[in-house]
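Colleague: Please take a close look at the charged and polar side-chain pairings in this model for me. I'd be glad if you then followed the thread to the surface beside the DNA.

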Number of protein chains: 2
Amino acid sequence: MSGKDLIKEQFDKLVSITPADWLYFSERLQFKQFGKKDRITQADRVEDNLYFLAHGVVRFIVHNEEKETTTDFSFSGHFFCSYSSFITRQPGIFEIRPVTKTASCYYISWNDLQQVYANTNCGEKIGRMAAEQQFIRKSDREVSLLTIHPKDRYLQLMEEQPQWIHQIPLKHLASYLGITPETLSRIRSSIMKSNG
Amino acid sequence: MSGKDLIKEQFDKLVSITPADWLYFSERLQFKQFGKKDRITQADRVEDNLYFLAHGVVRFIVHNEEKETTTDFSFSGHFFCSYSSFITRQPGIFEIRPVTKTASCYYISWNDLQQVYANTNCGEKIGRMAAEQQFIRKSDREVSLLTIHPKDRYLQLMEEQPQWIHQIPLKHLASYLGITPETLSRIRSSIMKSNG
DNA sequence: GTTTTTCCTTGATCTCAATCAAGAAGTTGC
DNA sequence: GCAACTTCTTGATTGAGATCAAGGAAAAAC
């Protein structure tokens, strides 16, 4: 199975796409592999590409007064990019880097994606549904940040996304949860004790 | 000018819509006025309608262990609903209530909106762009909650959304900022002092 | 207009997480 | 393999904001 088929699988979850539409889209896909120290996307630039992560994990970083905060992660099988910038064509605030040793990505340029929207039947529909799903993720996150205690957020993550805990260094998880690495370390050890 | 024209204005910001498409959509709009104690949307129900606020302010509430948190507000001239529920057709977690004495709303049902998506030329495009904009709001909010100190979030709100400060009771703003009313009251008085 | 209720402010205390610090464990690179 | 570096853990201290409490201002109800 080609890596592009992973993308087709994602689309098929949303709508039934015609072979012609799929061809039009997939012909415009390019491929690139990133190493651990690469920046897939740099802050303060207009995001040119929409990426699909075929293998690896990436994180979204915001720099703020000497500190860096990891706001989100993306795993293989999902699209990612500095969305706000990609959508508005304004410089973005996110730096995107691999968490894993490598990140293998298919990507399509903004210009090509506009062609897909204009010249396929279901492009807009997939685009709408994908945007809706991204919205839901962020909306859930807002509720989580406002209503759930960091310790409980970590417990929830252990249940719902155990792969996050295994694949992501503690310090980045801590940042994502809005706490310091020290505090997360203590949370983790308190869980160990209560579980025997 | 009819209230529906407010909606047309919003659409015109996104795409040029044909008279036929607008007619198809606007014929499906209904109108309802809500009082201060009404619940526009109840938690644990599937959201049936997408609302457009013609007049007033509403807030989004999450109930969590006896406490209620205000996660967001919507102002006149904007669409709102318990989106995640509206999209997924699963029971939602948000209660939506007016902040102002009344909230005047146009609304379209989920079923009718699917008809619009299916039978208009630009419905999907508007839907995609609207979803993208909602995503951007939530993404910005995530960054704000993770990287900005509550006091600075309040100062930012004063600059960017001064109408929020004037129209929304302090206790709801505090909840939205993730702090207690007492703390926001102290922040506010410290700003007063430093401004003379 | 008066009562009732809600909302906001201010003060005192307490608690939890940040910070500072240092050492252990684990990785990476030569 | 060893050195250099990064990451994680643990401890002591500090501080910002939550909580508890009460009085005053404002708004709503009658």
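**Salt bridges, and on to the DNA**

Modeller: Happy to! Let's start in chain A, where Glu95(A) and Arg97(A) join their side chains in a salt bridge, with 3.4 Å from N to O. By salt bridge I mean a side-chain nitrogen of Lys or Arg within 4 Å of a carboxyl oxygen of Asp or Glu.

A word on conventions: this is a predicted model, so local features need pLDDT of at least 70 and side-chain atom pairs count only at pLDDT 80 or more, while totals for chains, interfaces and linings use all residues. Residues are numbered from 1 along each chain as its sequence is written, chains are lettered from A and ligands numbered from 1 in the order in which they are written, and side-chain values use heavy atoms, with hydrogens and water left out.

Back to our pair: Glu95(A) counts as buried at 6% relative accessibility, and Arg97(A) counts as buried at 18%. Here buried means under 20% relative accessible area, exposed means over 50%, and partly exposed lies in between (1.4 Å probe, protein chains only).

Lys8(A) and Asp12(A) also form a salt bridge, at 3.4 Å from N to O. Both sit in helix 1 (residues 4-14) of chain A, 4 residues apart, about one turn of the helix. Helices are DSSP runs of H or I with at least four residues, strands are runs of E with at least two, and both are numbered from the N terminus. Lys8(A) is partly exposed at 22%, and Asp12(A) is partly exposed at 40%.

In chain B, Asp72(B) and Lys138(B) make a salt bridge whose closest N and O atoms are 2.8 Å apart. This one links distant parts of the chain, with Asp72(B) in strand 4 (residues 67-75) and Lys138(B) in helix 5 (residues 123-147), 66 residues apart. Both Asp72(B) and Lys138(B) are buried.

A salt-bridge network ties together Asp72(A), Arg137(A), Lys138(A), Arg141(A) and Glu142(B). Over all chains, the whole structure holds 24 salt bridges.

Helix 5 (residues 123-147) of chain A also carries Gln134(A), which counts as buried at 19% relative accessibility. Its side chain makes a polar contact with that of Tyr83(A) at 3.4 Å. A polar contact is a pair of N or O atoms within 3.5 Å; within protein, one must be able to donate a hydrogen and the other to accept it, and residues adjacent in sequence count only if both atoms are side-chain atoms. Apart from neighbours within four places in sequence, Gln134(A) is in contact (heavy atoms within 4.5 Å) with Phe79(A), Tyr83(A) and Phe135(B).

Now for the DNA. Strand C is surrounded by 16 residues, the closest being His149(A), Thr183(A), Leu170(B), Lys171(B) and Ser185(B). Sugar and phosphate make up 71% of the strand C atoms that come within 4 Å of the protein. To be near the strand, a residue needs a heavy atom within 4 Å of it.

His149(A) places a polar side-chain atom 2.4 Å from a phosphate oxygen of DNA strand C. Two arginines face bases: a side-chain N or O atom of Arg186(A) lies 3.2 Å from a base oxygen of DNA strand C, and one of Arg186(B) lies 3.0 Å from a base nitrogen. Helix 9 (181-194) of chain A, with helix 8 (170-177) and helix 9 (181-194) of chain B, are the elements giving two or more residues to this surface. Helix 9 of chain B has the largest share, 5 residues.
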